[in-house]
Amino acid sequence: MSTAFAEKARKVVCIGRNYADHITELNNARPKAPFFFLKPPSSMLLPGGGPVLVPRGVNVHYEVELALVMGQTLKDFAVAGRDRATVNAEALAAIEGYALAIDMTGRNVQDNIKAKGLPWTTAKGFDTFLPISAYVEKSQIPDPANVTLSLTVNKQSPPNQYDSTNLMLFPIPEILSSISSVMTIQPGDIILTGTPKGVGSVKPGDHIDASIEVDGKVIAESVISVDVADKGGIYDFVPQ
Ligand code: MG
């Protein structure tokens, strides 16, 4: 299984609030257009790279997401008023492959900085806050708008998160259009497409399993299996 793609990412762009039931569970407003933020590539945690680390004082949430590994440069990718089939085909052509990702989030940090109107960077950017799977070949996902994302904490049944990507509010062409209207999407960039409902906390000692299913079958390369541990270090959350 290959993880070389992770070295090529010059940026990781994440869509927020792209599933209606997740917006509801966090009492957020439904966006009028896709909105996004960045995670530093240094937050990636590759398979076998050790546990997700919980910084002191931080309530860490999991958010399972389909990740796009981009293969083409996209700038001002227009979708409005264009033929849908053409737009879909061009968006798919720009994608090189896929991965599964978990957008770990310091929820109390985020709530605090959101309330103050400050950037989300700290809440999203800690080391290990982006567990990512091995590379999933494009051929394994015939339709990225029709896969199931699954995440389970401590082998609970049913899974904590288990929903189809067909519930995305903004489909992939709209996501690519929105991002590329602001910043050039470069080959190797990784785009996280938002999380379905069911997010929640993990604490040291927990274990997270996640995967992508296509037609009820788990894609082996997409599997993430990771422990959660204390971070240590000098960070200690102090509300702004
Ligand atoms: Mg997210």
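The paragraphs below lead through the sheets, the helices, the metal site and the largest pocket of this structure, which is a predicted model.

A good place to begin is the open sheet of six strands, whose order is S2-S1-S13-S6-S7-S10 and whose pairing is mixed. Its edge strands are S2 and S10, each of which pairs on one side only. At the S2 end of this order, S1 and S2 run antiparallel and are joined by five bridges, and within this pairing cysteine 14 has phenylalanine 37 of S2 as its bridge partner. In general terms, the strands of a sheet pair through backbone hydrogen bonds, either parallel or antiparallel.

Several strands of that sheet return when one turns to helix H5, which spans residues 172–180 and is mostly covered, with eight of its nine residues buried. The buried residues are Ile172, Pro173, Ile175, Leu176, Ser177, Ser178, Ile179 and Ser180. Among the elements that cover them are strand S1 (12–16), strand S2 (35–39), strand S6 (64–70), strand S7 (95–102) and strand S13 (190–192), and helix H2 (84–94) is also included.

H2 and H5 meet again at the largest pocket, since each of the two helices supplies at least two residues of its lining. The volume of this pocket is about 170 Å³, and H2 gives the most to the lining, with four residues. The lining as a whole consists of Arg84, Asn88, Ala91, Leu92, Ile95, Pro142, Asp143, Pro144, Ala145, Pro171, Ile172 and Pro173. By residue class, nine of these lining residues are nonpolar, one is polar and two are charged. Ile172 and Pro173, which appear in this lining, are also among the buried residues of H5.

The metal site leads back to strand S6. The magnesium ion is coordinated by Glu63 and Glu65 through OE atoms and by Asp103 through OD, at 2.0 to 2.2 Å. Along the sequence these donor residues follow the spacing E-x1-E-x37-D. Because glutamate 65 lies in strand S6 and aspartate 103 in the loop between S7 and S8, the pair ties together parts that are 38 residues apart in sequence. Are these two residues buried or exposed, given that buried means under 20% relative accessible area? Glutamate 65 has 0% relative accessibility and therefore counts as buried, and aspartate 103, with a relative accessible area of 0%, is buried as well.

Strand S8, which bounds the loop that holds aspartate 103, belongs to another open sheet, in which three strands follow the order S8-S5-S14 with antiparallel pairing. The edge strands here are S8 (105–106) and S14 (200–202), and each of them pairs on one side only. Strand S5 (residues 60–62) pairs with S14 in the antiparallel sense over three bridges, and valine 60 has valine 202 of S14 as its bridge partner. Two strands of this sheet, S5 and S8, also help to cover the buried residues of helix H3, together with helix H1 (20–25) and helix H4 (121–125). Those buried residues, in a helix that runs over residues 107–115, are Arg107, Val109, Gln110, Asn112 and Ile113. After H3 comes glycine 117, whose phi is positive, near 75 degrees.

The C-terminal part of the walk centres on strand S15. This strand covers residues 207–214, and eight of the eight are buried, so S15 is largely enclosed by the rest of the structure. Both of its faces are covered: His207, Asp209, Ser211 and Glu213 are buried on one side, and Ile208, Ala210, Ile212 and Val214 on the other. Strand S11 (residues 148–153) pairs with S15 in the antiparallel sense over six bridges, with serine 150 standing opposite serine 211. Strand S17 (residues 224–230) also runs antiparallel to S15, joined to it by four bridges, and in S17 the bridge partner of aspartate 209 is serine 225. Strand S16 (residues 217–218) is joined to S15 by two bridges, again antiparallel, with lysine 217 as the bridge partner of valine 214. The hairpin of S15 and S16 has two residues between its strands, and there aspartate 215 takes a positive phi near 50 degrees.

A last residue to inspect is serine 133, which lies in the loop between strand S9 (130–131) and strand S10 (136–137). With 0% relative accessibility, serine 133 counts as buried. Leaving aside residues up to four places away in sequence, serine 133 touches Phe5, Pro47, Ala99, Leu100, Glu221, Ser222, Val223 and Ile224.

Key: Residues are numbered from 1 along each chain as its sequence is written. This is a predicted model: local features need pLDDT of at least 70, side-chain atom pairs count only at pLDDT 80 or more; totals for chains, interfaces and linings use all residues. Side-chain values use heavy atoms; hydrogens and water are left out. Two strands pair if DSSP finds at least two bridges between them. Buried means under 20% relative accessible area, exposed over 50%, partly exposed in between (1.4 Å probe, protein chains only). Contact means heavy atoms within 4.5 Å. On a 1 Å grid over the protein atoms alone, a cavity is a set of points where a 1.4 Å probe fits but cannot get out, and a pocket is an open set with protein on both sides within 12 Å along at least five of seven lines; lining residues have an atom within 4 Å of a point. Grid points are joined across faces, edges and corners, and a volume is the space filled by probe spheres set on the points. Ala, Val, Leu, Ile, Met, Phe, Trp, Tyr, Cys and Pro count as nonpolar, Asp, Glu, Lys and Arg as charged, and the others, Gly among them, as polar. Donors are N, O and S atoms within 2.8 Å of the metal (3.2 Å for Na, K and Ca); water is not among the atoms, so sites may look incomplete.
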